[in-house]
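Could you walk me through a few parts of this protein model? I am new to reading structures, so please explain the terms as you go.

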Amino acid sequence: MTTIARILPVGLLAALLVAGCGGGDDAGQAGPGPAAASVDPEELVQTEVVLAPRASEAEVPPWTPVIEAIPANGLRKALSRAGALEKEGRWLAAPAEAIGEVESSEPAPPEPGALEIYLGVLATDATQADALEGVARVLAALEAQGRAALAEGRFADAEQVERVIVRAQPANEALAAYREALRAARRAQEKVRLAEAREAANRIFRPEGQGAVAAYREALSEFAGYLPAQDGLARLQARHLDRALAAAQEGRYPDSERLQAEAGRILPGSAALQDMLARIVELRQARTETLLAQGHAAVDALDLELAGRRLAEAEQVSLQAQGLDALRERIELARHYGHFRPGQVFREPLAGGGEGPEMVVLPHGSFLMGSPEDERGRAENEGPRHEVAFGRGFAMARNEATVADFRAFVEATGHRSLATRRGRSTVYDERGGVMGEHSRVDWRRDYAGSPAAPNLPVVHVAFEDAQAYAAWLSAQTGQRYRLPSEAEFEYAMRAGRQEAWPWGDGLPTRVVGNLTGDGDQSRIKRRWSNAIPGYSDGHWGPAPVRSFPAEGFGTFDLVGNVSEWVLDCWHDSYRRAPRDGSAWVNPGCTERVVRGASWASSIDRARSAYRQSTPADTTNARLGFRVVREL
């Protein structure tokens, strides 16, 4: 097979080898037998590349210099001519150009180069120093040129240099090293051919250490700087990088990352690699920014499903967390708060002019509603204690509806409150120290029946009046305003605490709200019989709203001032009560729940779990309301 391989082309050699095993895939022929199946195509290629020369690598003929005898009196002129040719880089003989326009049937003899002239001088005078130095210079330049040809895989040119050195100066000191470079370049050439065969079979890395990349690197280890091997690696890397870019453009980011990693294995740190990686990063970042912008726009429109899809896409595209967390947070907030954030304070404009009440956004979460069985002052209707979870936040008015708020509603709608229609309501009789019904008392009056200041909480309002006010706010704003549920009220009042009172356990050690303190007294010096020891808030009767410090969630006056209507119907226990914070309402119920202590309540009624049953048509000087807004 060696003899055949030396003289036959590659394709014919492979065909003969396969045919000799009995194989063939033409119609009507038998299928390949076991011997044919065992042939390794790479072995055929490897045998070929080791033994069969390529057509462009015909044997280089020996160098036949044109050396003219130079007479002794012509040496100086010859040296001058040689020096000029050397400077022009015309080191060896070249065909002479035709002189004039006369055609000749005889080819013109080659014109001597600098080397031939120097050798001609030495033939006349073997010790001529200028000629010796000229030969050394030209041979050194030719050797450098030959090595450059070897690096580029131009073996004919490189071997021609070897022929010149051998003929011109057989004892040249660089000849042995040059011949070794020739042999190393040939070995590198064989490795490149093997690499190309593996590349054609798409064996780039595998089997480990036996792919095209490994063969190209072996070629470079044989001859450092061998350009065909460097070009092969660059070509492989460029192919991987182009595929990586295409995969990124198509959104196949795992494939793109794999191809980028493989490209990095081929030529680590190359300029092409760095440029393409930067380009892909820019492409992915631009796509990420587009997706994030679309996600934020979807959140603005409260299309959270679309926003979630855009976030998921951006997570696949983005190479860093920047921007993702902000969109993720907005989506999460929007799921629970719409366009708002917990703790945010806002007022909404009314269609008829002015603004609605100031609201604060309460965080979503859960709490234990009701009182434990061992709580002091506990009533049976405060149990069983149970967990209530708010899947969504809500906004609550920061203070009770004021006289000014209710006046704006009445003037805008012409609403006539229940007390107005009745012509009476219950007020505090200071002289007798008791509550009593008086005529001509409605929402315009205070706890004692006198004209009420605008910043006092509105009292003498029935459940239906509070409902009508909330409905008006809804119509004016286009949003859903209503009375709070019983669970929402207790959740806001506790503000994350589970002790008996909103301020903790035990009697208050500071002023927390408008309650019955033993330091309070009326205008005629009356004092409370059920007073909190050591406590004085400075008010007898309701105080102007926000006269006391803000509570845990940013509300005012849930602790004291006036008790408040909530949306629930009365139930004497929490059995079967809603667990989602919604109101527990039975159609047509006449008994409603009142929550929170008033300016005339004992300390037990200031507990967070305290609740009271009240007929829906009740109006008195201790009962007002506030609203919530759904988000």
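Helix 18 (residues 463–477) lies across strand 11 (563–569) and strand 12, and helix 18 runs at about 85° to strand 11. Helices here are DSSP runs of H or I with at least four residues, strands are DSSP runs of E with at least two, and both are numbered from the N terminus. Axes are lines fitted to C-alpha atoms, for helices over the stretch in contact, and angles run from 0 to 180 degrees between N-to-C directions.

This is a predicted model, in which local features need pLDDT of at least 70, side-chain atom pairs count only at pLDDT 80 or more, and totals for chains, interfaces and linings use all residues. Residues are numbered from 1 along each chain as its sequence is written, and side-chain values use heavy atoms, with hydrogens and water left out.

**The sheet**
- Strands 11 and 12 belong to an open sheet of 4 strands, ordered 13-12-11-14, with mixed pairing.
- Strand 13 (611–615) and strand 14 (623–624) are the edges; each has a single partner strand, so one side of each has no neighbour in the sheet.
- Strand 12 (residues 591–595) pairs with strand 13 in the antiparallel sense over 5 bridges (pairing takes at least two DSSP bridges between two strands).
- Within this pair, Arg-592 stands opposite Thr-614 in strand 13.

**Two helices side by side**
- The axes of helix 12 (residues 253–266) and helix 13 (residues 271–300) come within 11 Å and cross at roughly 165°.
- Helix 12 and helix 13 are therefore roughly antiparallel (angles over 145 degrees count as such, under 35 as roughly parallel, 65 to 115 as roughly perpendicular and the rest as oblique).
- From helix 12, Tyr-253, Gln-260 and Ala-263 are among the residues that meet helix 13, whose side includes Leu-273, Ile-280 and Arg-284 (contact means heavy atoms within 4.5 Å).

**Two residues to find**
- Gln-237 is in helix 11 (residues 227–249).
- Is Gln-237 buried or exposed? At 2% relative accessibility, Gln-237 counts as buried (buried is under 20% relative accessible area, exposed over 50% and partly exposed in between, with a 1.4 Å probe and protein chains only).
- Leaving out residues up to four places away in sequence, Gln-237 touches Ala-263, Ile-266, Leu-267, Ser-270, Ala-272 and Leu-273.
- Glu-111, in strand 2 (residues 110–111), is partly exposed, with a relative accessible area of 24%.
- Glu-111 and Val-66 are 45 residues apart in sequence, and 7.9 Å apart in space from C-alpha to C-alpha.
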